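Grab a pencil and work through these exercises with the structure open beside you. Try each task before you read its solution.

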Amino acid sequence: MTEGKAMTASPDDRFDVAIVGSGIVGLGAAYAAVRRGLRVVVVDRTDRPVGATIRNFGHLCIGAQDGAARAYGEASRGIWLRLAAETGFWVRESGTLVVARAEDERALLEEAAGAEGEDGGIRLLSPSAVTELAPVRPEVVHGGALVAGDLQVNPREAAGAIVRHLAALGVEFRFRTAVTAVETGLVRTTRGDIAADDVVVAVNHDVDQLLPALAERAGVIRCALDMMRVSADLRSPLQAPLLTGWSLVRYRRFAGLGTATALRERLHAERPELAALDLNQMYTQLPDGTMLLGDSHHKAVQPEPFQPEAAFDAFLAEARELFDVGGMRVLERWQGVYAAAGEEFLIEEVAPRVLALAATTGIGMTTGLGLAELETTRVFGWGGSGSGSGSADADASVADGAQTPAIAGGAGTTAIVGGIAQEENA
Ligand SMILES: Cc1cc2nc3c(=O)[nH]c(=O)nc-3n(C[C@H](O)[C@H](O)[C@H](O)COP(=O)(O)OP(=O)(O)OC[C@H]3O[C@@H](n4cnc5c(N)ncnc54)[C@H](O)[C@@H]3O)c2cc1C
């Protein structure tokens, strides 16, 4: 919010909807709006999406979520598939493979599978079935599971493809333009003011710069993650994103179950150096065959930019232990940052028709499109099918989800939607 006097925007700078941030949440809001025939502008200070949205695993990890995250994830799933069909970017309906390397990990998978019955989407796997799906060393596998419904995208490709698609649909992108303040009807930028009936702020962790009072109230800080990409001489392709026991004790569908506590305690007692990294040991393989390895987590208002080599050493050592791999060559290392808070989502109408949205844990790729779709339509009351053609077609499931009371955050309140306090995901 600005305390300054509102300036009048020129007629060229009047839109139905202005969106701050071109990450997956902002793009989701733009897609929701343009399909309803609205005139949309997206403003970002960078010259293309280069934030968390391109720095992640590309793992759309819906089946491991619970509560609101699951609802947003399910809504996102349909939107991801629809966008991929419309634009041609790579998506695979891979599910997620979980490798159990100890009996307590296998027991937790069994408990999760049993908790929701056959329709729960968790298929338990024998050790040999696991080694058929992933080039893991047979001697380390005790069993596993395939979580149905999950998707994989290439994060380096998807956001750019969505930007081009939205631009073709008529969304205006203003890159290299920083937003300095927002208020009802107005977005102030370093290239002049923009007038808009509805404003969406989707700036991830930088919400503390644009809306500091909101960020403080909601306890938003930063979570910095180390990641790397390797060329790996694997026995066979990795057919799905791969999670380990370190992931099971993070993701809510598993982390809340009875056997998770003992597993977490064992992992932390046996491997304190990995616990100190706050490791989520997981892997995805990109279409070019290279593999993403990660990740560590460090939370602070402003985390250090320096990436400890110990984290990368651990990623490589753990990968060598798990995979049947010949050579591995490091191609890239990078730091990614996302917003972290006690709840999983930040949803607040900070002024009439000014909506701040963020995933405040590491599941924004899984949930961001659905979060944006469901919350913008709810808060702004955008009607219609969202098809852009006035026909009530493919969006029925998303619109139905929008009416799920559990995911509604009230205007002027920080929504309490799911959330084990401080549980982080990817
Ligand atoms: C290493 C890593 C791994 C992850 N793995 C996964 C995963 O496998 N699955 C999953 O579901 N999630 C994952 N996540 C989380 C996910 O990537 C994020 O939750 C999601 O991308 C956040 O999207 P966003 O649009 O909110 O933010 P961003 O993509 O960061 O976009 C925010 C945009 O806002 C812009 N901006 C900020 N301030 C301003 C301003 N004042 N003016 C103009 N523009 C501004 C920024 O330039 C940026 O482009 C991971 C995250 C990281 C970092």
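Two strands pair if DSSP finds at least two bridges between them. Helices (H or I, at least four residues) and strands (E, at least two) are DSSP runs, numbered from the N terminus. This is a predicted model, where local features need pLDDT of at least 70 and side-chain atom pairs count only at pLDDT 80 or more, while totals for chains, interfaces and linings use all residues. Residues are numbered from 1 along each chain as its sequence is written.

**Exercise 1.** Work out the strand order of the open sheet of 3 strands, and find its edge strands.

*Solution.* Step one: the order is β3-β8-β4, and the pairing is antiparallel. Step two: look for strands that pair on one side only, and you get β3 (59-60) and β4 (91-92) as the edges. Step three: zoom in on β3 and β8 (residues 151-153), which run antiparallel and are joined by 2 bridges. One residue to check is His59, whose bridge partner in β8 is Gln152.

**Exercise 2.** Compare the span of helix α4 with the expected one, then find where its buried residues sit.

*Solution.* Step one: α4 covers residues 103-116, so count 14 residues; the expected span is 1.5 Å times one less than that number. Step two: that gives an expected 20 Å, and the first C-alpha to the last reaches 21 Å, which is close. Step three: list the buried residues (20 or more other C-beta atoms, placed from the backbone, within 10 Å of their own). In α4 these are Glu105, Arg106, Leu108, Leu109 and Ala112. They lie on the same side of α4, because they cover an arc of only 160° around the axis (taken from the directions from the helix axis to the C-beta atoms). Step four: ask what they pack against, and you'll meet several elements, including β5 (96-100), β6 (122-125) and α11 (260-270). Right after α4 comes Gly117, with a positive phi near 70°.

**Exercise 3.** Describe the shell around the ligand: how many residues surround it, and which element gives the most?

*Solution.* Step one: 43 residues surround the ligand (C-beta atom, placed from the backbone, within 6 Å of it). The closest are Gly23, Gly51, Asn56, Gly336 and Gly364. Step two: α14 (364-380) is among the elements that supply at least two shell residues each, and α14 gives the most, with 4.

**Exercise 4.** How much of the protein is buried?

*Solution.* Of its 426 residues, 51% count as buried. The protein has 15 helices and 20 strands.

Methods:
Buried ≥ 20, exposed ≤ 12 C-beta atoms within 10 Å, placed from the backbone. Contact = placed C-beta atoms within 7 Å.
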